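Visitor: Hi, could you walk me through this one? I have a few quick questions.

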Amino acid sequence: MDLVIKNGTIVTATESYRADIGVEGETITLIGRDLSGDEVIDATGMLVMPGGVDPHTHMELPFMGTVSADDFRSGTIAAACGGTTTIIDFAIQGKGQTLREALDIWLKKAAGKACIDYGMHIAIGAMDDERMAEMGDMVKLGVPSFKVFMAYKGSLMVDDEALFRALLRAKEIGALIAVHAENGDVLHYLINKHVAEGKKEPIWHALSHPPEAEAEATHRAVVMAGMTGASLYVVHMTAAEALEALKAGRAKGFKVYGETCPQYLMFTMDKYEEPDFEGAKYVMSPPLRAKGNPEALWRGLAGGDLQAVGTDHCPFNFIGQKDMGKDDFSKIPNGMPSVETRLPLLYHFGVNEGRFSVNRFVELVATGPARLFGLLPRKGTISIGADADLVIWDPDKKHRLTKENLHMNVDYSPYADVTVKGYPALVLQRGRVIVRNNQFVGEAGAGQFLKRNPIHL
Ligand code: URP
Ligand code: ZN
Ligand code: ZN
């Protein structure tokens with residue numbers, strides 16, 4: 001055995017038990033008692049969990065006149081330091097581009113820079129007959145998930161016909177359709193109206209993106225998933241009424257799944273009224289919601305109505321990027337840093353605060369996303385034959401989530417006041433230690449592109 005992780009408590013999505021893990025090369029090859037190997041990591045007092053799988057990141061995304069501040073190097077180092085060993089990012093199909101061209105552009109951005117393993121979704125910009133045919137080619141290349149933006153009219157938004165066509169094709173080829181569910185026409189009207197009326201402070205971002213617009217679009221996408229029999233994943237859900245629309249579809253037996261993100265669990269929309277333009281730090285779409293919504297989302301995670309926690313990591317600096325919208329909320333780049341803090345926040349506020357078990361935590365941050373996106377059993381669990389992507393988690397380690405204590409390439413931390421208990425002590429990717437005591441010690445650029453399996457949920 002090349003490596004043995006001894007004396008820890010293995011935690012998977014279904015069970016917790018004391019055993020050692022044996023690793024040969026990059027793979028878990030043995031789980032048992034009293035194993036020995038060339039190298040030994042003593043995990044006494046630690047939880048040994050699968051590395052996190054974040055199905056929703058935007059590294060170096062060109063968006064709203066600027067580019068998200070983390071590239072594939074800084075963003076994946078940050079992810080690793082927070083316990084995430086796999087991300088799935090979004091290649092965006094630009095005007096006149098084929099899906100293949102879009103994929104190649106994003107693969108080029110990631111190659112040689114990504115420090116953890118990564119997959120790609122493709123965000124569809126147009127869905128003509130040729131693109132529908134091309135979706136099948138993408139599945140063969142290991143890209144079995146596509147994103148449809150129902151919002152951002154004038155840039156990323158596509159119409160309902162494109163969504164419907166994508167769902168029909170996805171059903172045929174074993175793919176999953178992810179949607180940003182907000183009614184883009186309603187948002188477009190409200191944004192223009194508020195700006196014309198001189199209502200330009202960050203709070204008007206939230207008031208231009210009402211929860212009803214999220215619920216309506218979620219309902220529309222869920223109904224189309226039901227009509228086509230396709231699998232649908234609703235990203236970054238924020239609102240209780242949108243969650244009701246998802247639940248109604250699930251009750252009818254539709255294959256519809258939902259994600260929320262830590263920011264929607266941690267904050268409410270009063271953040272937008274912070275003085276000195278501080279509210280801009282929380283401008284993202286959908287926006288933060290009124291009190292009551294985070295509680296509904298927590299219940300959804302605990303009870304099974306939501307199946308995954310992603311981050312929608314899309315950071316923009318406060319100085320030089322967010323301030324592009326100093327005089328007009330509609331020009332504030334939408335997005336927040338999140339990739340590094342997902343596991344610590346979910347563990348602290350989910351497990352420590354008794355909202356769900358540590359096994360449910362693993363399901364939400366690793367196994368669930370891996371299952372939904374065609375990565376199980378290689379990623380997202382601890383089993384023989386799986387990649388040795390492991391987090392040695394110190395349940396007693398306290399960590400304050402200040403900018404200085406984090407690695408994301410952005411000039412603020414939304415969680416600077418928060419101290420969590422429970423943090424990675426060591427992180428391994430494919431059998432190699434890549435993080436030790438909050439320092440990235442892996443090899444820059446060693447992340448591999450993951451060809452994912454077709455998705456049949
Ligand atoms: O505000 C957000 N969410 N920015 C990233 C792009 C998206 O909508 O996912
Ligand atoms: Zn979105
Ligand atoms: Zn996103």
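Visitor: By class, which residues does the lining of the second largest cavity have?
Guide: That lining has 6 nonpolar, 1 polar and 1 charged residues. Here Ala, Val, Leu, Ile, Met, Phe, Trp, Tyr, Cys and Pro count as nonpolar, Asp, Glu, Lys and Arg as charged, and the others, Gly among them, as polar. Do keep in mind that this is a predicted model, where local features need pLDDT of at least 70, side-chain atom pairs count only at pLDDT 80 or more, and totals for chains, interfaces and linings use all residues. Residues are numbered from 1 along each chain as its sequence is written, and ligands from 1 in the order in which they are written.

Visitor: Okay, which protein donors does the zinc ion (ligand 3) have?
Guide: They are His-56 (NE2), His-58 (NE2) and Asp-312 (OD), 2.0 to 2.1 Å from the ion. Donors are N, O and S atoms within 2.8 Å of the metal (3.2 Å for Na, K and Ca); water is not among the atoms, so sites may look incomplete.

Visitor: And how far apart are that ion and the zinc ion (ligand 2)?
Guide: The two zinc ions are 3.8 Å apart.

Visitor: What spacing do the donors of ligand 3 follow along the chain?
Guide: The pattern is H-x1-H-x253-D.

Visitor: Is His-56 buried or exposed?
Guide: His-56 counts as buried because its relative accessibility is 1%, where buried means under 20% relative accessible area, exposed over 50% and partly exposed in between (1.4 Å probe, protein chains only). His-58 is buried too, at 5%.

Terms used. Heavy atoms only, no water.
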